Amino acid sequence: MPAPSRPSPARSPARPSTPPAVVIVGAGPRGTGLVERIAANAPEIYGASAAGAALDLHLVDPYPPGGGRVWRHEQSPLLWMNSMAEDVTMFTDETVEREGPIRPGPSLAEWARDLRGGRIAARLPAELAAEAAGLDGQSFPSRRLQSAYLGWVYEQSVAALPPGITVHEHRRRALRITGPRDGRQLVWLEGRAEPLAADLVVLALGHLDAEPDEEQRRLARFAAEHGLVHLPPEFTADSDLDRLRPGEPVLVRGFGLAFVDLMVLLTEGRGGRYEEGPGGTLVYRPSGREPVLHVGSRRGVPYHSKIGYGWQGQPPPVPRFFGPAEVDELLGRPGGYDFQRDVWPLVAKELGFAHYHRLFTAHPGRTTGEWQAFEEKYAAAAPGSAELAALVSAAVPDPADRLDLDALDRPLAGLRFPTSDALQDGLRRYIEADLARRHDPAHDPDLAVFLALLSVYGQLFRLGDIGGWWHGFFSYLASGPPGPRLRQLLALSRAGLVRFLGADMAVTADPARGVFQGSGASVPGHAVEARALVEARLPEPTVDRTRDPLLRALYDDPSDGGGALATPAGLVAVDPADSRLLDRTGRPHPRRFAIGPHTDARAAGAFARPRTNAPAFRQNDATARALLSFLRDLSCRTPLSA
């Protein structure tokens, strides 16, 4: 049964009237970040520091606030974050472009340190207290510890709200929103007869499930007809992995973070363990309950390892070739822009600038000439031009020191292996080389590129829906697994429990044999038969196939409040200035807002690396200020009703 609405302790005398109300649908990290910004901005805008300036803040989510669904405590303790503890914060700093005040707070690493020092009080289960006690800045925390951190941030944000703002938690799903554009909105909740009445509604829904597309429906039908197992794109932590039998081959399509979770849950999660072998080589000791995973993807390789060293010195001077002025120019083009034609060349030049700036200034012995002369010619050369390529070739003698984004994106392109075993050997060498490079500061131009990627992401969200390629490229290059996970992957490969299928993986259904077949372009003519197929990736955010009832109702029925406008890629369109929801006519809805990965202003994450001017923090601040300004103006026009 859903938990009842639970108001936080009131901090001002009760008033004989109905205060204004805001409903935030989604109480995970994004909703929590919005609450933090409301607390920071309310004293200035809403006057809520004065007694009597009341506001009801309703948070609707079937999962606990702070972590929400993805970061809830109730998941396997084996699952890690893919970020170091020092690279995770929920708090603003002076780098964040915002109008509201900075409210400093600890990163995850600092929070754990302050817990150890007794400067922060938090009740943690024994296993999380032990983890926090041993955590340092470069540790990869468990998702359960991140859940505890997010819960603490939520509690601190609620406690920081000025007197008169009361928080109500509703552990239910929101089903639909009704109400006119110029009046109060009604938010209908599962299992509750009466709706919540709200002056403003914010959708902070996070990652959502989706109905299968035509290919997935076809594969699911085939699996049902032949008694096979088909697990569609979904959160790995929520998948029914018990259906995957020990010893049997399983086709896995997808080689990103969802695959890493799958790998962990089907090996260590089934009782296997790792040991250090001769020369420090990691060895896997199986339990006998593991299936055999045959994995492939478009690229055919895992995401790049997280970089295992810190930055030294001044960060790369970006933005340089892709900043606010370039975005303004793109937005001002009467005919619009194309990502690959108009945006990507600027992005590639920006990433190259960061790379070569670090190479020239930190490793001058690996370059010819002076940085100032190179920079002048680099700036003058057109993005992607032969002139630019010739400049780099002359100035950087070793090809290993040049930035080749095409080769990074498709490392197996054009490569063919004579046998599957040869592919296994080749992929293991590739992963070993990646691990070595990503943990060697001699290659710190890679870290400069990572920092430039964060800068680029901070600009791109202003362009709206740019398609899915960029987000996949960013994740592959900048948001890969911790290095220890790739060491584990190598151990599983040597143990024969993970087999690589290579690039351009294809899955077909063989009705004659009643099995799935998986193959890749890397080994021509080689295919694997299996009675189980796992799509190891998250569902694409798409409003027309979302399983979220509220969002689907907004999209399907525009009659009430104008509905929701979807982009060609299926994202919810919002006003980039303040995240107001756009209706079917393209007009910003005055009382409905949306933030998060289901929108065309999606940021890289709800939490961020400190001192990176995180887009999510900028959006949260702008949205909070828009909410509070609307309520302030509303209270001036309309007295509170009894």
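## Strand pairing, sheet and cavities

In β4, the residue that L59 has as its bridge partner is E169. The pairing belongs to a predicted model, in which strand β3 (residues 55–60) and β4 run parallel and are joined by 6 bridges. The points below take up β4 itself, a five-stranded open sheet, the loop residue P317 and the cavities.

**Strand β4**

- Strand β4, spanning residues 165–170, is mostly covered, since 6 of its 6 residues count as buried.
- In a regular strand the side chains alternate between the two faces of the sheet.
- In β4, I165, V167 and E169 point one way, whereas T166, H168 and H170 point the other way, and all of them are buried.

**The open sheet and its helix**

- An open sheet is formed by 5 strands in the order β9-β18-β10-β13-β14, with parallel pairing.
- The edges are held by β9 (229–231) and β14 (498–502), each of which has a single partner strand, so one side of each is left without a neighbour in the sheet.
- On average, and with direction ignored, neighbouring strands of this sheet are turned by 20 degrees against each other.
- Strand β13 (residues 292–296) is joined to β14 by 4 bridges, and the two run parallel; within this pairing, L293 stands opposite V498 in β14.
- Helix α6 (residues 257–266) packs on the sheet, where it touches β10 (249–253), β13, β14 and β18 (532–535), and the direction of α6 makes about 175 degrees with that of β13.

**The loop residue P317**

- P317 lies in the loop between β13 and α7 (324–331), and with a relative accessible area of 39% P317 is partly exposed, because this value falls between the 20% under which a residue is buried and the 50% over which a residue is exposed.
- When neighbours within four places in sequence are left aside, P317 is in contact with F353 and H357.
- P317 and A448 are 131 residues apart in sequence, while their C-alpha atoms are 9.7 Å apart in space.

**Cavities**

- Searching the whole structure gives 7 cavities of 30 Å³ or more, and the largest cavity holds about 70 Å³ of space.
- The lining of the largest cavity is made up of 13 residues, of which G464, I466, H471, D600 and R602 lie nearest its centre.
- Helices α13 (445–460) and α14 (469–478) each supply at least two residues of this lining.
- Sorted by class, the lining of the largest cavity has 7 nonpolar, 3 polar and 3 charged residues.

How values were computed
Residues are numbered from 1 along each chain as its sequence is written. This is a predicted model: local features need pLDDT of at least 70, side-chain atom pairs count only at pLDDT 80 or more; totals for chains, interfaces and linings use all residues. Side-chain values use heavy atoms; hydrogens and water are left out. On a 1 Å grid over the protein atoms alone, a cavity is a set of points where a 1.4 Å probe fits but cannot get out, and a pocket is an open set with protein on both sides within 12 Å along at least five of seven lines; lining residues have an atom within 4 Å of a point. Grid points are joined across faces, edges and corners, and a volume is the space filled by probe spheres set on the points. Ala, Val, Leu, Ile, Met, Phe, Trp, Tyr, Cys and Pro count as nonpolar, Asp, Glu, Lys and Arg as charged, and the others, Gly among them, as polar. Buried means under 20% relative accessible area, exposed over 50%, partly exposed in between (1.4 Å probe, protein chains only). Two strands pair if DSSP finds at least two bridges between them. Axes are lines fitted to C-alpha atoms, for helices over the stretch in contact, and angles run from 0 to 180 degrees between N-to-C directions. Contact means heavy atoms within 4.5 Å.
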